[in-house]
Amino acid sequence: MKPQVLAIGEFDGVHRGHQEVIKRARERADSLHISASIMTFHPHPREVLGQCKYTNLLTPVMAKMQLLEQLGVDDTYLVSFNPAFMQVTPEEFVENMLIPMQVNTVIVGFDFTFGYRGAGTPDDLCELAQGRFAVEVIRPFHQNGYKVSSTMVRHHLNSGEIEQANALLGRPYSIIGKVVTGDGRGRTIGFPTANIDLSAAFVIPELGVYAIQCHVNGQAYNGVMNVGKKPTFVENLEKPTLEAHLFDFSESIYGSEVSVDFISYIRPERKFSGVAELVAQISRDVEQAKQLFTSFVVLD
């Protein structure tokens, strides 16, 4: 291996705090004229430790890898976080992983932990380096007085606060899935929908109706999406469905992989008295979303 600057972290969400860590790795590498790399982990360490809420991620592994690639690093190392790796001590992590990688500098966030039971801290990393590599610790990134974190992004999504989540991410929150056959009801009431089966265990935002931008075959289409359990027609649906109605769109895209950016929360899901009331409300949802798109600047 050649000398490299290495940013280490879980990076779920690749939010603006994570981006600061990776940006610094790129800057340091450029100043030294060596490679910039990332080390991240799969599955999420907290999932392996039995914290069930981390079964669903802001950026499941393939989505995370795509985002990391866009940040301009040269290499990404995906480490399998399994029961054997959980037993690795902080000393073993440094001696058996970092030293053989010829790291010149390690960049971590202020809350970085490593080794068995997360016993290692950034201070420990500096001590264990013994002058063989430098360590830089990035301070917490704040926005509007709040620390940017994956936990805060999750909180906003679970509350339907899409604009706030997007501000922390520095881009719209996005999911990826395949268009599958639904019950066809949307077409019969004048609002055909693409039913999306998620390709991985993404965090699903609060149930409700959202203004979205859907990316299909390289093109972006505005629309609305209902994330919910269809209470007007179904009782006790086990898990939410994701049904997107795209504006000015009539193509058949069954089987296509699409990505959906959540732009704004329109309203909570509710049960209607019948089809006529539902259609009237969808019409209002569509109009509200179209007005939003005339005034919103969608984050890249």
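This passage describes the overall make-up of a predicted model and then turns to a helix pair and a handful of individual residues.

Taken as a whole, the chain has 300 residues, of which 46% count as buried. Its secondary structure comes to 10 helices and 13 strands. Along the principal axes, the C-alpha atoms fill a box of roughly 70 × 40 × 35 Å. Contacts that span long stretches of sequence are well represented: among those between residues at least 6 apart in sequence, 74% join residues at least 24 apart.

A good place to look next is the pair formed by helix α7, residues 150–158, and helix α8, residues 162–169. The axes of these two helices come within 7 Å and cross at roughly 160°. With the cut-off for a roughly antiparallel pair set at over 145 degrees, α7 and α8 are therefore roughly antiparallel to each other. The crossing in which α7 passes α8 is left-handed. On the α7 side, the contact is made by Met152, Val153, His156 and Leu157, while α8 contributes Ile162, Gln164, Ala165, Leu168 and Leu169. Sorted by class, this contact between α7 and α8 has 7 nonpolar and 2 polar residues, with no charged residues.

Helix α7 also holds arginine 154. Is this arginine buried or exposed? Since buried means under 20% relative accessible area, arginine 154, with a value of 8%, is buried. The side chain of arginine 154 has a polar partner as well, for a contact of 3.3 Å joins it to the side chain of aspartate 12.

The residue just before that aspartate in the numbering deserves a visit for its backbone. Phenylalanine 11 has a phi near 60°, a positive value in a residue other than glycine. Phenylalanine 11 is placed in the loop between β1 (4–8) and α1 (16–32). With a relative accessible area of 4%, under the 20% limit, phenylalanine 11 is buried.

Glutamine 102 is another residue with a positive phi, here about 55°, although it is not a glycine. Its setting is the loop between α5 (90–98) and β4 (103–109). Partly exposed residues fall between the limits of 20% and 50%, so glutamine 102, at 37% relative accessibility, belongs to that class.

The backbone at proline 43 is also worth a look. The peptide bond that leads from histidine 42 to proline 43 is cis, and its omega is near -5°. Proline 43 itself lies in the loop between β2 (35–42) and α2 (45–48). As background to these backbone features, most residues other than glycine have a negative phi, and most peptide bonds are trans.

Finally, leucine 71 offers an example of a contact across the sequence. Leucine 71 is found in the loop between α3 (61–70) and β3 (75–80). Its relative accessible area of 30% makes leucine 71 partly exposed. Which residues does leucine 71 touch, not counting those up to four places away in sequence? They are Val14, Gln19 and Ile22. For valine 14, the separation from leucine 71 is 57 residues in sequence and 9.8 Å in space, C-alpha to C-alpha.

Note on methods: Residues are numbered from 1 along each chain as its sequence is written. This is a predicted model: local features need pLDDT of at least 70, side-chain atom pairs count only at pLDDT 80 or more; totals for chains, interfaces and linings use all residues. Side-chain values use heavy atoms; hydrogens and water are left out. Axes are lines fitted to C-alpha atoms, for helices over the stretch in contact, and angles run from 0 to 180 degrees between N-to-C directions. Helices (H or I, at least four residues) and strands (E, at least two) are DSSP runs, numbered from the N terminus. Angles under 35 degrees count as roughly parallel, over 145 as roughly antiparallel, 65 to 115 as roughly perpendicular and the rest as oblique. A crossing is left-handed if the near helix is turned anticlockwise from the far one by less than a right angle, and right-handed if clockwise. Contact means heavy atoms within 4.5 Å. Ala, Val, Leu, Ile, Met, Phe, Trp, Tyr, Cys and Pro count as nonpolar, Asp, Glu, Lys and Arg as charged, and the others, Gly among them, as polar. Buried means under 20% relative accessible area, exposed over 50%, partly exposed in between (1.4 Å probe, protein chains only). A polar contact is a pair of N or O atoms within 3.5 Å; within protein, one must be able to donate a hydrogen and the other to accept it, and residues adjacent in sequence count only if both atoms are side-chain atoms.
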